[in-house]
Amino acid sequence: MRVFSGVQPTGNIHLGNYLGALKQFVELQEEGDCIYCIVDMHAITLPQDAKQLRESILDVAALYMAVGIDPKRSIVFVQSEVSGHAELGWILACNSYTGELSRMTQFKQKSKERESAPTGLFVYPVLMAADILLYDTDVVPVGNDQKQHIELTRDIALRINNTYGETFVVPDGRFLKTGARVMALDDPTSKMSKSAENAHSRISLTDDPAKIKKSIMKATTDSEGSVRFDAAEKPGVSNLLSIYSAMSGKSIPELEKYYEGSGYGAFKKDLVDVVVEGLRPIQERFAEIRGSEQLIRDLKDGAERANAIAEPVLKRVKERFGLGL
Ligand code: AQP
C-alpha cells in the first residue's frame, strides 16, 4: 500500500494538523510505503516571506520527524525539489474544468478575503491531485477539510483513465473519527488554521506551556457550565472534549462522566496539563532535530528517493498523452 500526504509550510503545525493528519502519518508507517511531503509550492498560492518560508519548511520537516515519522523508513521531502509535481500539475490542469474548481469550498473561503485571487489559489487542488497521482498512491491520510480535494483527485484520475487508458492509480482518502476536524479555540465554527490572525485560535506544536495555558483558558465555551458533547449546541466544549480525548486516549463518554458536576475551569486546567505533557516529548525531539545537519541530508535523500518513484510515472503519463519525442 502506497501512502502519500503533505503539509504546507505556512506556519507551525497546530493540533488540528497533528490530530487530523500527522498522527495517521505515523501510524501508517506500520502498514504501508509512506511518502510525506512538505508542500512548499502550495504555500506560495498566497504571498509568503521568502526567508520565513525557508525556515518554516525546515520547521515542518523537523516536526514530522519529532512526532515519529522515520525518514529512513518513510520518504520525507520538499515538494519543489521534485519537478514532476509541477509538470504533472500542468497536464492535469489541461484535464480539469473551471466549473469544478469553482466549487471548491477552500478556494471560495480563501478568495473571498481578497480583492483578486491568485490563479495558483484557484488551481491549488489540481497541484494537490498531481502530488498524489505522481506516486501511484493508494491512500491519502488527511483531515476532513480535504475531502472535496480528494474527490476531485479521484475524478481527474478516472477521467484520464477512461480517455487515455489505464494511467493512474485511483486513491482513497483516509479520515480519522476523532480529530478529523479540530476547530478554532476562539471560534468553534471555523477550523483551527495556521494562518488565522489570532494566535490564541490555535495551539502550535511548539507553543510553550504559558501560551498553551492562555489559549485554552481563553477558549470559547458557553454559559451552560456542563462538560458534555453536543457539537450543534455546544461547539466550543465539544471541540475541547475532542482534543482532550485525542490527546489522552480517554473516550468522550469517559471524560463526560469524570467531569459531571464540575465547571469548565477544572476541565480546562486538566486539558492544559494533558496538552502540555503530550507535546513535551515532541518539543524535546524537535529542538534536537531542527538544529542538526542530518535534517538537510535526510530531506535531500528523501527527494532523490521520491524522484525515483515519480520519474517512471511521469514517463508513463507523457506516453499516454503523446508528449515529447
Ligand atoms: N483544523 C484541522 N483539523 C483537522 N485536520 C486539519 N488539517 C488542517 N487543519 C485541520 C489537516 O492537516 C493537513 C495539512 O494541512 P495543510 O497545511 O496542507 O493545509 P490546511 O488544511 O489549509 O491547513 P491550515 O492549518 O488551515 O493552513 P492554512 O492556514 O495555511 O490554510 C491536511 O491533511 C489537513 O486536512
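Which elements each supply at least two residues of the shell around the ligand? I will start there, and then move on to the aromatic rings and a few single residues. Please keep in mind that this is a predicted model.

The elements are strand β1, residues 2-7, helix α1, residues 15-28, and helix α6, residues 105-112. Of the elements in the shell, α1 gives the largest share, with 4 residues. The ligand is surrounded by 24 residues in total. The closest of these are K110, D145, S193, K194 and S195. By residue type, the shell divides into 13 polar, 6 nonpolar and 5 charged residues.

Now the contacts themselves. K110, which I just listed among the closest residues, has a side-chain N or O atom 2.5 Å from an oxygen atom of the ligand. For K191, the distance between a side-chain N or O atom and a ligand oxygen is 2.7 Å. For N17, the corresponding distance to an oxygen of the ligand is 3.1 Å. How much of the ligand does the protein bury? Taken alone, the ligand exposes 640 Å², and the protein buries 97% of that.

Next, the aromatic rings. The count of aromatic pairs comes to 11. I will go through two of them, and then a cluster.

One pair is F4 with Y135. The two ring centres are 5.4 Å apart and the planes are at 10°, and the pair is stacked. Where do these two residues lie? F4 is in strand β1, while Y135 is in the loop between α7, residues 119-133, and β4, residues 139-141, so the pair ties together parts that are 131 residues apart in sequence. As for exposure, both F4 and Y135 are buried. You will recall that β1, the strand that holds F4, is also one of the elements that supply the ligand shell.

Another pair is F25 with Y36. Why is this pair called stacked? The ring centres are 4.4 Å apart and the planes are at 10°; planes under 30 degrees apart count as stacked, so this pair is stacked. F25 belongs to helix α1 and Y36 to strand β2, residues 33-38, so the parts tied together here are 11 residues apart in sequence. Are these residues buried or exposed? F25 has a relative accessible area of 0% and is buried. Y36 is buried as well, also with a relative accessible area of 0%. The cut-off for buried is under 20%.

The cluster is made of Y244, Y258, Y259 and F267, which are linked by ring pairs.

One ring has a charge for company. The charged end of K147 sits over the ring of F175, at 4.9 Å from the ring centre.

Two single residues to finish. T137 is found in the loop between α7 and β4, the loop where Y135 also lies. T137 has a relative accessibility of 1% and counts as buried. What does its side chain reach? The side chain of T137 reaches the backbone oxygen of I132, at 2.7 Å.

The other residue is V317, in helix α13, residues 294-321. V317 counts as buried, at 1% relative accessibility. V317 and T178 are 139 residues apart along the chain, and their C-alpha atoms are separated by 37 Å.

Conventions:
Residues are numbered from 1 along each chain as its sequence is written. This is a predicted model: local features need pLDDT of at least 70, side-chain atom pairs count only at pLDDT 80 or more; totals for chains, interfaces and linings use all residues. Side-chain values use heavy atoms; hydrogens and water are left out. A residue is near a molecule or strand if one of its heavy atoms lies within 4 Å of it. A polar contact is a pair of N or O atoms within 3.5 Å; within protein, one must be able to donate a hydrogen and the other to accept it, and residues adjacent in sequence count only if both atoms are side-chain atoms. Accessible areas come from the Shrake-Rupley method with a 1.4 Å probe; for residues, only the protein chains shown count as cover. Ala, Val, Leu, Ile, Met, Phe, Trp, Tyr, Cys and Pro count as nonpolar, Asp, Glu, Lys and Arg as charged, and the others, Gly among them, as polar. Rings of Phe, Tyr and Trp (its six-membered ring) pair if their centres lie within 6.5 Å; planes under 30 degrees apart count as stacked, over 60 as edge-to-face and the rest as tilted. Buried means under 20% relative accessible area, exposed over 50%, partly exposed in between (1.4 Å probe, protein chains only). A charge sits over a ring if NZ of Lys or CZ of Arg is within 6 Å of the ring centre and within 35 degrees of the ring normal.
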